[in-house]
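Hi everyone, thanks for making time for this. I'd like to walk you through one structure, and I'll put it up on the screen now so you can follow along.

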Amino acid sequence: DPTAPTVLSALKIPGFSEYLHVYGDGLLFGLGMSADEETGRTQALKLSMFDTSDPADVSEKSTLVLDNVYYSPALYDHHAAFINVEKNIIGFAAENNYLFYSYSDGRFIQLASVSLSGYGSMTRGLYIGDYIYICDTEGIHILNLSDFSQASFVRFDKYCFPGTLILI
């Protein structure tokens with residue numbers, strides 16, 4: 001009832017999720033930070049999968065802390081996350097890489113890591129047909145969707161921001 005909301009469940013976890021995305025029936029993907037339970041100090045990027053199948057008993061089903069990774073633009077901009085539930089792909093820029101994961105049998109599995117030209121704050125990922133395109137400030141990485149091998153790289157003549165119209 002929107003006029004009288006009630007708390008159905010509460011969940012205490014170490015850290016937090018800045019970005020949340022429905023990931024199929026009863027699952028909710030979270031991207032955020034792990035944190036020290038004593039001090040609350042953030043530690044590293046964290047992937048979480050929450051079980052929301054019972055709204056009265058939400059739980060964190062699985063987590064993956066990415067040691068030595070402290071930033072992703074997807075924490076603050078939902079356009080920076082590449083999520084495709086049907087293909088079971090989670091992608092986002094983190095530090096100087098674009099990372100791809102899947103979720104299976106209760107755990108996150110790293111599918112690929114693509115080295116980026118810059119820090120990744122303007123990097124975007126998308127797929128068309130059998131290819132994934134990662135657009136960063138220096139070019140477009142083209143990957144085979146089947147195995148994430150690099151099919152090609154198109155370098156821009158000039159530094160630009162993804163989203164800028166580029167004629168190739």
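Let me start with a small puzzle: which residue in E12 stands opposite Leu-143? It is Gln-150. Keep in mind, please, that what you see is a predicted model.

That pair belongs to a larger arrangement. Strand E11, residues 139-144, is joined to E12 by five bridges, and the two run antiparallel. They are part of an open sheet of four strands, ordered E9-E10-E11-E12, with antiparallel pairing. At the edges stand strand E9 (124-128) and strand E12 (150-155); each has a single partner strand, so one side of each is left without a neighbour in the sheet. From one strand to the next, the twist averages 20 degrees. As a general reminder, strands of a sheet pair through backbone hydrogen bonds, either parallel or antiparallel.

Now let's zoom out to the whole chain. How many helices and how many strands does the protein chain have? There are zero helices and twelve strands. The C-alpha trace spans about 55 × 35 × 35 Å along its principal axes. Of the 168 residues in the chain, 39% are buried. The chain exposes about 9700 Å², and carbon and sulfur atoms supply 50% of that area. For those of you who think in contact maps: among contacts with a separation of 6 or more, 37% are between residues 24 or more positions apart.

Next, the inside. The largest nonpolar core has 23 residues, and Phe-29, Leu-31, Leu-45 and Phe-92 are those with the most contacts inside it. Five elements give two or more residues to this core: strand E2 (27-35), strand E3 (42-51), strand E5 (81-84), strand E6 (89-94) and strand E7 (97-104). Which of them gives the most? That is E2, with four residues.

Leu-31 is a good residue to click on if you have the viewer open. Leaving aside residues up to four places away in sequence, Leu-31 touches a list of residues that includes Ser-17, Tyr-19, Leu-45, Lys-46, Leu-47, Ala-74, Leu-75 and Phe-92. Apart from this core lies another one, of 13 residues, with Val-114, Ile-132, Ile-134 and Leu-145 among them.

Let me turn to a hairpin. E7 and strand E8 (residues 107-115) pair in the antiparallel sense over eight bridges. Asn-97 has Ser-115 in E8 as its bridge partner. Two residues sit between E7 and E8 in this hairpin, and Asp-105 in the turn has a positive phi of about 50 degrees.

A short stop at a loop, too. Gly-40 is found in the loop between E2 and E3. With a relative accessibility of 47%, Gly-40 counts as partly exposed, because that class lies between 20% and 50%. Gly-40 and Tyr-70 are 30 residues apart along the chain, and 15 Å separates their C-alpha atoms.

Finally, the charged pairs. How many salt bridges does the structure hold? It holds three, and I'll take them one by one.

One of them joins Lys-46 and Glu-60, with the closest N and O atoms 3.1 Å apart. Lys-46 lies in strand E3 and Glu-60 in strand E4 (residues 59-66), so the pair ties together parts that are 14 residues apart in sequence. Is Lys-46 buried or exposed? Lys-46 is buried, at a relative accessible area of 3%, whereas Glu-60 is partly exposed, at 22%. You may also recall Lys-46 from the residues that Leu-31 touches.

Another salt bridge is formed by the side chains of Arg-124 and Asp-77, at 2.7 Å from N to O. This pair links distant parts of the chain, with Arg-124 in strand E9 and Asp-77 in the loop between E4 and E5, 47 residues apart. Asp-77 is partly exposed, with a relative accessible area of 25%.

The remaining pair is Glu-138 and Arg-155, whose side chains meet at 3.3 Å, N to O. Glu-138 lies in the loop between strand E10 (131-135) and E11, and Arg-155 in strand E12, so parts that are 17 residues apart in sequence are tied together. Glu-138 counts as partly exposed at 33% relative accessibility, while Arg-155 is exposed, with a relative accessible area of 54%.

That's my tour, and I'm happy to take questions.

Terms used:
Residues numbered from 1 in each chain as written. Predicted model: local features only at pLDDT ≥ 70, side-chain atom pairs only at ≥ 80, totals over all residues. Heavy atoms only, no water. Pairing = 2+ DSSP bridges. Axes fitted to C-alpha atoms, helices over the stretch in contact; angles between N-to-C directions. Core = buried A, V, L, I, M, F, W, Y, C linked by side-chain atoms within 4.5 Å. Buried < 20%, exposed > 50% of the residue type's maximum accessible area, 1.4 Å probe, protein only. Contact = heavy atoms within 4.5 Å. Areas by Shrake-Rupley, 256 points an atom, 1.4 Å probe, with all protein chains shown as cover. Salt bridge = Lys/Arg side-chain N within 4 Å of Asp/Glu carboxyl O.
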